[in-house]
Amino acid sequence: MSAPRTAAAALPRDVVAGLTALLCDADGNLFPSEEPAFVASSEVTNRFLGELGDDRRFTPEELRLATTGMNFRTTSRRLAAEAGRPEVDVEPWVDEERRAVTAHLGEHLRPHEPTTAALTALAAHLRLAAVSSSALGRLAACFTATGLDELIPPAARFSAEDSLPTPTSKPDPAVYLHACAQLGIAPAAGLAVEDSVPGALSAVRAGCPTVGNLLFVQPAERADREAALRGAGVLAVVTSWQELADLLLPVLAGRDLPATPGGAR
């Protein structure tokens with residue numbers, strides 16, 4: 001694919017200068033969790049389909065392509081409806097999928113040092129938060145395994161599954177609106193970073209300026225994903241957290257310099 005366009009024109013200086021928080025989607029964005037998660041999730045999904053009397057079965061890759069950006073509650077309800085069983089109680093399966101995926105991710109994820117370095121640099125100027133469709137327990141396992149606990153501690157993690165009065169999933173903007181309210185910021189002051197189209201739609205609909213991140217997207221899918229993210233309303237697309245840091249830090253560092261007695265920075 002061709003390199004993503006520079007964000008210089010798409011992220012105006014006044015937008016960057018007004019930021020106070022960086023709102024980070026988690027899965028597939030802060031860490032490459034989606035592929036290993038779907039290994040565990042597909043096993044639970046296929047057992048669920050068997051209980052429904054549905055002959056369909058998904059490989060991990062097929063499930064990933066069909067459901068990226070959605071949580072398992074949304075997926076299982078959709079599958080049940082498609083199987084003609086919309087009345088099925090999916091909650092025991094949601095719990096089982098959460099347990100299986102959390103254990104698998106805790107065993108297989110590792111720190112990604114370039115991401116940690118870029119986030120550390122950005123944390124000097126912006127509050128970092130995670131805004132995810134995933135359950136908080138799953139996020140906890142991922143953050144610990146990838147060494148990001150100190151950068152984004154539990155109090156700065158917001159889950160569409162666990163943090164809202166009624167669980168939902170992206171592209172519903174509720175989790176972004178909730179995160180902004182809890183952080184005490186207007187949506188325009190929180191830059192969202194998303195790898196999926198449902199996630200980008202969630203952030204854009206909440207009023208957050210949004211950047212697409214292709215870091216952990218499969219190379220063969222990057223061109224289509226970039227086009228889809230731009231169609232969802234992201235202002236720019238980057239291929240790494242360092243690329244995002246390189247775009248933001250010159251403005252943020254200048255903004256945060258102490259003013260001189262004459263008012264200049």
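A charge is taken to sit over a ring if NZ of Lys or CZ of Arg is within 6 Å of the ring centre and within 35 degrees of the ring normal. In this predicted model, Arg157 meets that description: Arg157 lies over the face of Phe143, at 4.2 Å from the ring centre.

Phe143 also takes part in an aromatic pair. Its partner is Phe31, and the geometry is edge-to-face. The ring centres are 5.5 Å apart, with 90 degrees between the planes. Phe31 sits in the loop between strand S1 (21-24) and helix H2 (34-52), whereas Phe143 belongs to helix H7 (residues 136-145), so the pair ties together parts that are 112 residues apart in sequence. Both Phe31 and Phe143 are buried. In total, the protein has 2 aromatic pairs.

Helix H7 contributes further residues to the interior. Buried in H7 are Arg138, Leu139, Ala141, Cys142, Phe143 and Ala145. The buried residues of H7 pack against two helices, H2 and H5 (91-108). They also pack against two strands, S2 (127-132) and S3 (157-159). After H7 comes Gly147, with a positive phi near 75 degrees.

The overall fold was considered next. The protein comprises 11 helices and 6 strands. Its radius of gyration is 19 Å, close to the 18 Å given by the globule rule for 265 residues, so the protein is as compact as a globular protein of that length. The C-alpha trace spans about 75 × 40 × 30 Å along its principal axes. Of the 265 residues, 52% are buried. Contacts between residues at least 6 apart in sequence were also examined. Among these, 72% join residues at least 24 apart. The exposed area is about 11,200 Å². Carbon and sulfur atoms supply 57% of that area.

In soluble globular proteins, nonpolar side chains tend to be buried together. The largest nonpolar core here holds 73 residues. Leu22, Leu23, Leu30, Tyr176, Trp241 and Leu244 touch the most other members of this core. The surroundings of Tyr176 are mixed in residue type. Leaving out residues up to four places away in sequence, Tyr176 touches Leu23, Asp25, Val131, Lys170, Ala192, Glu194, Gly199, Ser202, Ala203, Ala206 and Cys208. Another core, of 7 residues, lies apart from the largest one. Its members include Leu214, Val217, Leu229 and Val234.

Two of these residues, Leu214 and Val217, are also touched by Arg225. Arg225 is placed in helix H10 (residues 222-232). Its relative accessibility is 12%; Arg225 therefore counts as buried, the cut-off being under 20%. Beyond Leu214 and Val217, the contacts of Arg225 include Arg64, Asp195 and Ser196, with residues up to four places away in sequence not counted.

A further buried aromatic residue is Phe72, in helix H4 (residues 72-82). Phe72 counts as buried because its relative accessibility is 8%. Neighbours within four places in sequence aside, Phe72 is in contact with Ser41, Val44, Thr45, Trp93, Val94 and Glu97. Phe72 and Ala140 are 68 residues apart along the chain. Their C-alpha atoms are separated by 17 Å.

Technical notes
Residues are numbered from 1 along each chain as its sequence is written. This is a predicted model: local features need pLDDT of at least 70, side-chain atom pairs count only at pLDDT 80 or more; totals for chains, interfaces and linings use all residues. Side-chain values use heavy atoms; hydrogens and water are left out. Rings of Phe, Tyr and Trp (its six-membered ring) pair if their centres lie within 6.5 Å; planes under 30 degrees apart count as stacked, over 60 as edge-to-face and the rest as tilted. Helices (H or I, at least four residues) and strands (E, at least two) are DSSP runs, numbered from the N terminus. Buried means under 20% relative accessible area, exposed over 50%, partly exposed in between (1.4 Å probe, protein chains only). The radius of gyration is taken over C-alpha atoms; the globule rule is 2.2 Å times the number of residues to the power 0.38. Contact means heavy atoms within 4.5 Å. Accessible areas come from the Shrake-Rupley method with a 1.4 Å probe; for residues, only the protein chains shown count as cover. A nonpolar core is a set of buried Ala, Val, Leu, Ile, Met, Phe, Trp, Tyr and Cys residues joined through side-chain atoms within 4.5 Å.
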